[in-house]
Structures are given as structure tokens and as C-alpha cells.
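Visitor: I would like a close look at a single part of this molecule, namely the places where charged side chains pair. Please take me through it slowly, and mention any unusual backbone along the way.

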Amino acid sequence: MKVNCPTCEKEVEWGNMSPYRPFCSKKCQLIDLGEWANEEKAIPVKGPQDEANAQMDIEDIEAMLSEQEQDFFKPS
């Protein structure tokens, strides 16, 4: 089976003879890794979570923990 390199689109044989598959070379593999590291690529999420929602979630968790018998916010 042959696939195209995600970086340069060169055709690559999918098998043991292609150690960098699906990439054609170590160079293309590292270029792709760099794009992920620089956040040029990302896995899409269902919906953007803004900071207000994130803060609200933290406050909800803190409220729930404060209602527990063991108080997590005070030294024992």
C-alpha cells in the first residue's frame, strides 16, 4: 500500500521498509513534530471554552469540595 507523506506529499510505501511512515524521511517527520510543538496544528475540540466558563467550573469544584466532611482547604 502506498500513502502520501503528510509533509511533502511524496509517495511512501507503507511497510517495514519505511521506518518513518507515514512520512518519507526523518526530516519530514521532524517538520511535522515542530508544527505540533509550535501549535500550528491542533486537534479540534467540540466548542471553544472561554476563560469565564473555565473559572466557573473551578468555582463549582471548590464549592463542592468545601461541602465535603473533610475540608480540603484547611490544614488538618
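Guide: A salt bridge here is a side-chain nitrogen of Lys or Arg within 4 Å of a carboxyl oxygen of Asp or Glu. By that criterion the structure, which is a predicted model, holds four salt bridges. The general idea is that side chains of opposite charge can pair when their charged atoms come close.

Let us begin with Lys41, whose side chain takes part in a salt bridge with Asp32, where the closest N and O atoms are 2.3 Å apart. Lys41 also meets the side chain of Glu35 in a salt bridge, with 3.2 Å from N to O. As for exposure, Lys41 has a relative accessible area of 27% and is partly exposed, and Glu35, at 23% relative accessibility, likewise counts as partly exposed. Asp32, by contrast, has a relative accessible area of 11%, and it is classed as buried because that value lies under 20%.

A further group of charged residues involves Lys2, whose side chain meets that of Glu11 in a salt bridge at 3.7 Å, N to O. Lys2, Glu11 and Glu13 are linked in a network of salt bridges. Lys2 has a relative accessibility of 53% and Glu11 one of 52%, so each counts as exposed, the cut-off being over 50%.

Turning to the backbone, it helps to recall that most residues other than glycine have a negative phi, and that most peptide bonds are trans. Glu39 has a positive phi, near 60°, although it is a residue other than glycine. Glu39 lies in the loop between α1 and α2, the latter spanning 51-66, and with a relative accessible area of 69% it is exposed. Glu9 also has a positive phi, near 70°, and it too is a residue other than glycine; its place is in the loop between β1, which covers 2-4, and β2.

The peptide bond that joins Arg21 and Pro22 is cis, with omega at about 10°. Pro22 is found in the loop between β2, which covers 11-13, and α1, which covers 26-37.

To return to the charged pairs with which you began, Lys41 is the residue to follow in one place, as it forms salt bridges with Asp32 and with Glu35, while in the other place the residues to follow are Lys2, Glu11 and Glu13, linked in their network.

Conventions. Residues are numbered from 1 along each chain as its sequence is written. This is a predicted model: local features need pLDDT of at least 70, side-chain atom pairs count only at pLDDT 80 or more; totals for chains, interfaces and linings use all residues. Side-chain values use heavy atoms; hydrogens and water are left out. Helices (H or I, at least four residues) and strands (E, at least two) are DSSP runs, numbered from the N terminus. Buried means under 20% relative accessible area, exposed over 50%, partly exposed in between (1.4 Å probe, protein chains only).
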